[in-house]
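Thanks for sending this one over. Please have a look at the model below, and then read on for my notes.

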Amino acid sequence: MSVFRHIGKSILLKHNQSALTLQASFFHKSHSVKSKNDYLIDTPEYDFLKDIGIERENFGVYNGSWQGSGEVITSIDPGTGRKIANIRMGSVQEMDEAIQIGVKAYEQWSQVPAPVRGDVIRQIGEEMRKYKEPLGKLVSLEVGKIHSEGQGEVQEFIDICDYAAGLSRIYSGQVINSERPEHIILEAWRPLGLVGVISAYNFPNAVFGWNAAIALTTGNSVLWKGAPTTSLVSVATMKILAEVLNRNNLPPIATLCQGGANVGQQLVSDARVKLVSFTGSCATGRNVGVEVQKRFGKVILELGGNNALIVDQDANFQMVLEAALFGCIGTSGQRCTTTRRIIVHEKLYDRLVKELVAKYKQVLPKVGHQLDPNTLVGPVHSQQNIEHYKAAIAEAVKLGGKIAFGGKVIQSDGFYTEPTIITDLPHDSPVVHRETFAPIVYVLKAKSIEQAIAWNNEVDQGLSSAIFTENISNAFKWIGPQGSDCGIVNINTTTNGAEIGGAFGGEKHTGGGRESGSDAWKQYCKRSTITLNHSGKLACAQGVVFNVE
Ligand code: NAD
């Protein structure tokens, strides 16, 4: 994501506006800002930003103290196009220093008993609880997601801290039977060292939380580079962590260096960073994966999705409609798990399109500013999303697609698009196979469950998928070896909105990484296999005799 959206945004928007203008009341009623040059941080209704340590000018680097010597960027409210506050980014040199500091902090932290580390993570979770409301509001403001989704994102951070605190007492290796007398084989999980986390704009708080809570609990130190356009969330989140670390007299085991691609590249290519956990687009992730592999580092890749919701002929139709609505247009289509394709049995196709269009009509008046309590669909994040939305619609129409609903940019000061339904495209159209980070869904008509599964699997990405069926045979087909090839394979629930208890991630071009729950913690560790001989005699495995007597 470039910082392009900070430059000349309002001029660009004027050129791109459609004829449609929503009633203006959604967009401005809660903003008593006088002029476009005013910063939201300076207005009383945004005082909550100060509660979480945000100021008009902020440093984007934390390595035990706050600093920054890179370019200054201005964070923008995508709902109004107004400035929130400024952040001075880190430089490549500061990333290098942060790596050095993180490696040193690891040496001390890795010696701390795991349950004691877990208690520090518990305290971080408690602080997140305390600041959930203002921090969640900042997530909403800076990303563009609605209030409940901003709160939900911080809740994920809290949940993973609870999980990690428990994990610290129970994660363990095993004892394996040896083939040799009076030998025993042990397996132990040890920390890796410094873990680098690079995150995307759409989950600027939770993705760091998933990684940091588990990486720190297992004894690693963590260095984070968040997306430049959500730098305020990075700063506020790190201030909360820093307070807990200081209170516990700990070295900077969690550090931050905000910056663009060059700062990210520094982290990716440095052999002192033992694991790089990267969340972002497939295109960037592919390069990151290759760079880390070149130096034989470890990598977790959490990349793009192209998620399908399959509707079997006997599906619970009401549930399908509700799942499609949240799946397709929740977060304005900007979750990696957003439903981008609905593959529906031909018997239900016409009814589904008609009733989904009716639902979208009900939603349209609820498109508005992300912090307005009446809003269900906020803006997209930036002008770049608007450009991708327009390009996808134009391409779809050129390829023969019909716009059943939406299709236009909404005229306003923010970045708003109409939630859009497109029908009549071939299942394998290039635009259908591409992830467009905007609220567009393609509805495809399938003849059978086998065909629907084949279409689900034919895209490059393999993140999330869902089937709605009451047919037990089809449900098992879906989760079997010839079923969905995704990492997330749901039945009768949405493609989006995963819980922290399971491992999160996907296959193929989604990168293969897993984060969060289940045994994802193992990725933050190296495995030691320990053979212990208590016989007093040396014996080789496989009965090999090797002696000079
Ligand atoms: P992006 O790839 O543009 O940027 C992601 C991060 O990479 C940012 O911090 C960016 O500054 C950094 N970056 C850019 N170039 C880099 C380089 N050469 N080296 C190192 N770092 C670099 O992605 P985005 O637009 O911020 O996010 C949207 C994408 O992220 C979508 O494709 C979405 O599906 C994906 N995503 C995936 C998951 C998941 O868990 N699978 C979760 C959230 C988002």
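The points below are about how the two domains meet.

1. A word first on what we are looking at: this is a predicted model. Its chain falls into two parts, with domain 1 covering 51–303 plus 522–527 and domain 2 covering 307–496. Their C-alpha centres are 31 Å apart.

2. How many residues does each domain bring to the contact? Domain 1 supplies 22 and domain 2 supplies 23.

3. The size of an interface is often expressed as the accessible area that is lost when the parts come together. Here, about 1,700 Å² is buried between domain 1 and domain 2, and carbon and sulfur atoms account for 57% of that area.

4. If you like to look at charges, you will find one salt bridge across the interface of domain 1 and domain 2. As for E149 and R335, their side chains form a salt bridge, with 2.8 Å from N to O.

5. Polar contacts also span this interface: 15 residue pairs qualify, with both partners at pLDDT 80 or more.

6. Which elements give two or more residues to the side of domain 1 that touches domain 2? They are helix 6 (132–143) and helix 7 (147–170). Helix 6 makes the largest contribution to that side, with five residues.

7. Finally, the make-up of that same face of domain 1, the one touching domain 2, is mixed by class: eight residues are nonpolar, nine are polar and five are charged.

Terms used: Residues are numbered from 1 along each chain as its sequence is written. This is a predicted model: local features need pLDDT of at least 70, side-chain atom pairs count only at pLDDT 80 or more; totals for chains, interfaces and linings use all residues. Side-chain values use heavy atoms; hydrogens and water are left out. Domain bounds come from an automatic or database domain assignment. Contact means heavy atoms within 4.5 Å. Buried area is the accessible area (1.4 Å probe) that two parts lose on being put together, summed over both. A salt bridge is a side-chain nitrogen of Lys or Arg within 4 Å of a carboxyl oxygen of Asp or Glu. A polar contact is a pair of N or O atoms within 3.5 Å; within protein, one must be able to donate a hydrogen and the other to accept it, and residues adjacent in sequence count only if both atoms are side-chain atoms. Helices (H or I, at least four residues) and strands (E, at least two) are DSSP runs, numbered from the N terminus. Ala, Val, Leu, Ile, Met, Phe, Trp, Tyr, Cys and Pro count as nonpolar, Asp, Glu, Lys and Arg as charged, and the others, Gly among them, as polar.
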